[in-house]
Amino acid sequence: MGIEPVTNQAKRNSNRVVAAVCLAFFSGMIGMAYAAVPLYKMFCQATGYGGTTQRAEKQYAGRVLDREITVRFDANTAGVPWEFQPVQRSITMKIGETVQAHYQATNKFDRPVTGRATFNVQPELAGPYFNKVECFCFTDTTLKPGETLDMPVLFYVDPDIVNVPELKDVKTITLSYTMFPVEKNKPVASSEPVKGNSKTISNTEGNLGG
């Protein structure tokens, strides 16, 4: 009979340990859930996974190959009332050459609208070798009614792309942007399209973002 209290105490201590371990695990899972999105973004930017391009720390590749590659430009909208398109559909350039391209966005509604662009490249394996020096992606951009904005992107294709067996014969890369509305705006359906009177302004390197 004298052993029973000791056994019960041991069980209670064991239950406390199990409860503490479960609580710690549950808390850790919550923390991982909150961290998943930024960690996934960092992973994509570091590896080029899913066609994510690289943010270049230097403006030039260091060497330019005597081989050309064509970069095609694509633009899409997803709920933002803008006309969004590349100024030119493609550029043929030397691998390693730093080139600037331009996109253009026009707000077609009668109130200011804020948008934000995401991007990827095809083929996806080319992501780690497509280096953006400057671009407008992930930057909130507000356009007044009828306003047009020039949106430049500066980039180069890393010469190391020719050392990848799956990419050594690639002759074309497609850079695609999709423009989304920023949540703080009111639903765009409540506005009416603007007719004419658009104006053009130019973006600057200081407010381009990453």
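Colleague: Asp160 and Arg63 are said to form a salt bridge. What makes it one?

Modeller: Happy to go through it. In this predicted model, the closest N and O atoms of Asp160 and Arg63 are 2.9 Å apart. The cut-off for a side-chain nitrogen of Arg and a carboxyl oxygen of Asp is 4 Å, and 2.9 Å falls within it, so the pair counts as a salt bridge.

Colleague: What parts does this pair tie together?

Modeller: Asp160 sits in the loop between S9 and S10, while Arg63 sits in the loop between strand S1 (54-55) and S2, so the bridge ties together parts 97 residues apart in sequence.

Colleague: Why is Asp160 called partly exposed?

Modeller: Its relative accessible area is 34%. Buried needs under 20% and exposed needs over 50%, so Asp160 at 34% is partly exposed. Arg63, at 41% relative accessibility, also counts as partly exposed.

Colleague: How many salt bridges are there by this rule?

Modeller: The count comes to three. Another of them joins Lys94 and Asp66, with the closest N and O atoms 3.0 Å apart. Lys94 belongs to strand S4 and Asp66 to the loop between S1 and S2, so parts 28 residues apart in sequence are tied together.

Colleague: Is Asp66 buried, partly exposed or exposed, and how do you know?

Modeller: Asp66 has a relative accessible area of 72%. The limit for exposed is over 50%, so Asp66 is exposed. Its partner Lys94, with a relative accessible area of 27%, is partly exposed.

Colleague: What makes Arg116 and Asp140 a salt bridge?

Modeller: Their side chains meet at 2.6 Å, N to O, which is within the 4 Å cut-off, so the name applies. Arg116 lies in strand S6 and Asp140 in the loop between S7 and S8, so this bridge ties together parts 24 residues apart in sequence. Arg116 is partly exposed at 34% relative accessible area, and Asp140 is partly exposed at 37%.

Colleague: Let's turn to the aromatics. How many aromatic pairs does a search of the whole structure find?

Modeller: The search finds ten.

Colleague: Why is the pair of Phe73 and Tyr103 called edge-to-face?

Modeller: The ring centres are 6.1 Å apart and the planes stand at 85°. Centres must lie within 6.5 Å for a pair, and planes over 60 degrees apart count as edge-to-face, so 6.1 Å and 85° give an edge-to-face pair. Phe73 lies in strand S2 and Tyr103 in strand S5, so the two rings tie together parts 30 residues apart in sequence. Both Phe73 and Tyr103 are buried.

Colleague: Which residues do ring pairs link into a cluster?

Modeller: The cluster includes Phe73 and Tyr103, along with Phe84, Phe119, Phe130, Phe136, Phe138, Phe155 and Tyr177.

Colleague: What is notable about the phi of Phe138?

Modeller: Phe138 has a positive phi of about 60° although it is not a glycine. Phe138 is in the loop between S7 and S8, and at 36% relative accessibility it counts as partly exposed.

Colleague: Which residues touch the most other members of the largest nonpolar core?

Modeller: Of its 39 residues, they are Phe84, Tyr103, Phe155, Ile173 and Tyr177. Strands that each supply at least two residues include S2 (68-77), S5 (99-107) and S9 (147-157). S9 gives the most, with five residues.

Colleague: How does S9 pair with S5?

Modeller: The two strands run antiparallel and are joined by eight bridges. Within that pairing, Val99 stands opposite Phe155 in S9. S5 also pairs with S3 in the antiparallel sense, over five bridges.

Colleague: Why is Thr148 called buried?

Modeller: Thr148, in strand S9, has 5% relative accessibility. Buried means under 20%, so Thr148 is buried.

Colleague: What makes Thr148 and Thr106 a polar contact?

Modeller: Their side chains come to 2.8 Å. The limit for a pair of N or O atoms is 3.5 Å, so this distance fits the polar contact.

Colleague: Last one: which strands are the edges of the open sheet of five strands, and why are they called edges?

Modeller: The order is S4-S2-S10-S6-S8, with mixed pairing. S4 and S8 (141-143) are the edge strands: each pairs on one side only.

Note on methods. Residues numbered from 1 in each chain as written. Predicted model: local features only at pLDDT ≥ 70, side-chain atom pairs only at ≥ 80, totals over all residues. Heavy atoms only, no water. Core = buried A, V, L, I, M, F, W, Y, C linked by side-chain atoms within 4.5 Å. Buried < 20%, exposed > 50% of the residue type's maximum accessible area, 1.4 Å probe, protein only. Helix = DSSP H or I, 4+ residues; strand = E, 2+ residues; numbered from the N terminus. Phe/Tyr/Trp six-rings, centres within 6.5 Å; stacked < 30°, edge-to-face > 60°. Pairing = 2+ DSSP bridges. Polar contact = N/O pair within 3.5 Å; in protein donor to acceptor, adjacent residues only side chain to side chain.
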